[in-house]
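Please look over the model shown here. The report below takes up selected loops, backbone features and a pocket.

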Amino acid sequence: MKKWIVSCLAILILAAAANLPVEVIIKATANSKEQIQNKVQSPVYELELKRWGVHNNGTHANETTKGINSALKWAKEKGFKTFKIPDGTYLIAKGTRQADPDARINLVSDMTFFLSDKAVLKKETNEFEIYSVLYLGTDVKNVTVKGGTYIGERDTHDYSKKGSETGGTHEWGTGIEIVGAENVVIDGVKLKKFTGDGIIVSGTTITGSTISETYLEAGGIDDKGNLIAAKGKIRTNSRKVTNFDNPEYNTYRNIYFWLPKGIDQGSKVDVFYYRKDGSFIKREKQLSFYSGESTIPNDADYFKAVFEAPSTKGVKVNRMTVDISKNITIKNSDIGFNRRQGISLVGSDGVKILNNHIHHTNGTAPQSGIDIEPGFYPGKNTVIKGNTFTDNKIQIVLAYGENARIENNRFEQSLKGTVGVHAHKGFRGELVLKNNTFNGTGLTLFSRNSEVINNQFTKGEVKLLGKNIIFRNAKLLDASLSVGSEEGQEVSNVTIQHNGIRPGVLYIWNKQVHLKDVTIKAETKGKGILFGPGNNENVYDRLTMNDIDRKGTVLPAGTYNRCSLEVGKLEINREGKYVLNGCAVKDKANLLSVNDLYGKPVVTIKKSKLVVTENIGYGAAIYILGAQKFELLENTILASKNKSNTPLIKLGPNGTPNSTNVFAAIIKGNKIYSKSALYVVNPTNGGKNAPFYKIEGNTINNAK
């Protein structure tokens, strides 16, 4: 009661002094209580410099580093959820050895590590090959790293020293190092000038064993877990190297198989789990070495593994259990001028890289904006979205790992001899590239089962080099496209505008490919528009090509349906099957030349419209110099303005006939119009021993 009376009296006094209504003071008091309650629920601790011996003027590196780490532990114990570092430059100690844990900030769990806008964590100049400024280890979960600037010492680093376990490349100096942490957000930070990476996300080995020939025997295991004889297979025979006695397995429930020796190349592993009494639990079949993860059942006491090998002699495999970083988000950050990578993913699952500027990575290989290269560890389920990449030596490299989406990014490259997005054949699973803009850089895909959708490319090269790639809805400006080096590629709805800046527009390799609705408008300046051997099974639906310079092009093998070709003289010059079906071919003087420079082709042109708009040029409008077979069927052929006596169609060369190079020809059912032509079809120089050519059922106007 007394407390209530005092509170009421205080409110009346405040109201009188401020000349305000009593209800206003009551409301303000209530708001203050609410603010206090909110502060208690989400407490923020701002680093007290004097209390912890921390200096914010770029001096006293050892004291500053130790003080921040001590303050972090204290703040965690006291229940603070945000640790704020105020303005200033904080020098992080160089340490006394490689990867010195006392020479970095070691983040704790359940904490927001917040740097004010003018706060800088700067690494002290050193000679060590491995270091980091901020470290998030395997026991760190549920943290946010926000704001501020992290600066390395690449400009003053001593590169002359070599560690006992390193290669002397000095490429492991990192701004933020994440090793097996989970649920991490890095938001709005700046990282620059590290000897290695701005950020590295990795894993670590927890435990394992070596399975050698001592612990192996001949035979396999059936689907019910029973031991069976099996030619070409060997299995483990001892629980000594396959048990789960180590207490680490209470936390980490995975197995990987690394570094196989004496085992068939390209083979895989089958794993069978058993309880302590020997009863069978489950099997996991066909796991890949290195990346194939097997999940340990809760009630498993040991496992047996089956490998493909002719005998146990010389066989050795490492069985490992690992911890990788999971559910990591890197967003709204500026990562630039680092020496090795902007961001490395070398052991991760579920990384999102969103709305960052990653730029000017150079100095030591690979020099990538982002590098997914987990090696032994998995590196899977990565999203790279909304970022800008500027002048990295390699913008993105997918060396290994699996499953990635690269969407809505912008790649800007002004440097020569650089690489855009590169996916190695070792990258597995689903790869989707969607709605990206490439300027001055390109795309190289060796990985299979990839989708490339709604992208734009300017002044770069696009090379589809893996199986079963879908490439659609693309715009290319002064960029080249290479397809058909592996089977199952599909290309559709592609527009290419080319101004002759670089040689080549579209190259077709020799594996089966399907192109649909591809439009090329070019000013080639004689550098060519279409190249490559093609494949007899290729299909080109609605291919449109227009070369303003009329320099001509060589057609790859395959079937062209409803194409439109206005490029100057078409040439077919190698072995293969060529079909033009329902196409439109137009030129001022020459339409087609067929020869056997690289083998005898089989050519069919049917139900097409072939138009010469001015006088027929040298040889003939359609000039057949060498072919296994040539067919011209049910076409409309127009030369309504021609005033020369050059034939429309000629079988065989000019001059004295040699042995024939045209072994069969059918010209049938065509409608042919010419204002003036001495011969519509001239087979008189077909060559010695030429066969009968069938020329029948054609409608001819104004010519012989």
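Trp509 sits in the loop that runs between strand 44 (506–508) and strand 45 (513–522). The model is a predicted one. Trp509 has a relative accessibility of 36%, so it counts as partly exposed. Partly exposed here means a value between the 20% limit for buried and the 50% limit for exposed. Trp509 also belongs to a surface patch. Its partners there are Tyr507 and Phe531, and the patch is nonpolar. Together the three residues offer about 260 Å² of accessible area.

Other loops carry backbone features. Asp110 is not a glycine, yet its phi is positive, at about 55 degrees. Asp110 lies between strand 4 (105–106) and strand 5 (111–115), in the loop. With 30% relative accessibility, Asp110 is therefore classed as partly exposed.

Glu634 also has a positive phi without being a glycine; the value is near 55 degrees. The loop that holds Glu634 links strand 57 (629–633) and strand 58 (636–639).

Next comes a peptide bond. Which form does the bond between Ala365 and Pro366 take? It is cis, with omega at about 5 degrees. Pro366 is placed in the loop between strand 27 (357–359) and strand 28 (368–372).

His424 is another loop residue, set between strand 34 (419–423) and strand 35 (428–434). His424 counts as partly exposed because its relative accessibility is 28%. From His424 to Glu373 the sequence separation is 51 residues. In space, their C-alpha atoms are 10.0 Å apart.

The relative accessibilities are set out below.

| Residue | Relative accessibility | Class |
|---|---|---|
| Trp509 | 36% | partly exposed |
| Asp110 | 30% | partly exposed |
| His424 | 28% | partly exposed |

Now the pocket. Rolling a probe the size of a water molecule over the atoms reveals where empty space remains. In this model, the largest pocket has a volume of about 420 Å³. How many residues line the largest pocket, and which lie nearest its centre? The lining has 18 residues. Nearest the centre are Gly266, Ser267, Ser288, Phe289 and Tyr290. By class, the lining of the largest pocket comprises eight polar, seven nonpolar and three charged residues. Glycine is counted as polar in this scheme, so Gly266 falls in the polar class. Ser267 and Ser288 are polar too. Phe289 and Tyr290 count as nonpolar.

How values were computed:
Residues numbered from 1 in each chain as written. Predicted model: local features only at pLDDT ≥ 70, side-chain atom pairs only at ≥ 80, totals over all residues. Heavy atoms only, no water. Patch = residues over 30% accessible without salt bridge, like charges linked within 9 Å, V, L, I, M, F, W, Y side chains within 5 Å. Areas by Shrake-Rupley, 256 points an atom, 1.4 Å probe, with all protein chains shown as cover. Salt bridge = Lys/Arg side-chain N within 4 Å of Asp/Glu carboxyl O. Helix = DSSP H or I, 4+ residues; strand = E, 2+ residues; numbered from the N terminus. Buried < 20%, exposed > 50% of the residue type's maximum accessible area, 1.4 Å probe, protein only. 1 Å grid on protein atoms, 1.4 Å probe; cavity = no way out; pocket = protein on both sides within 12 Å on 5 of 7 lines; lining within 4 Å. Points joined across faces, edges and corners; volume = space filled by probe spheres on them.
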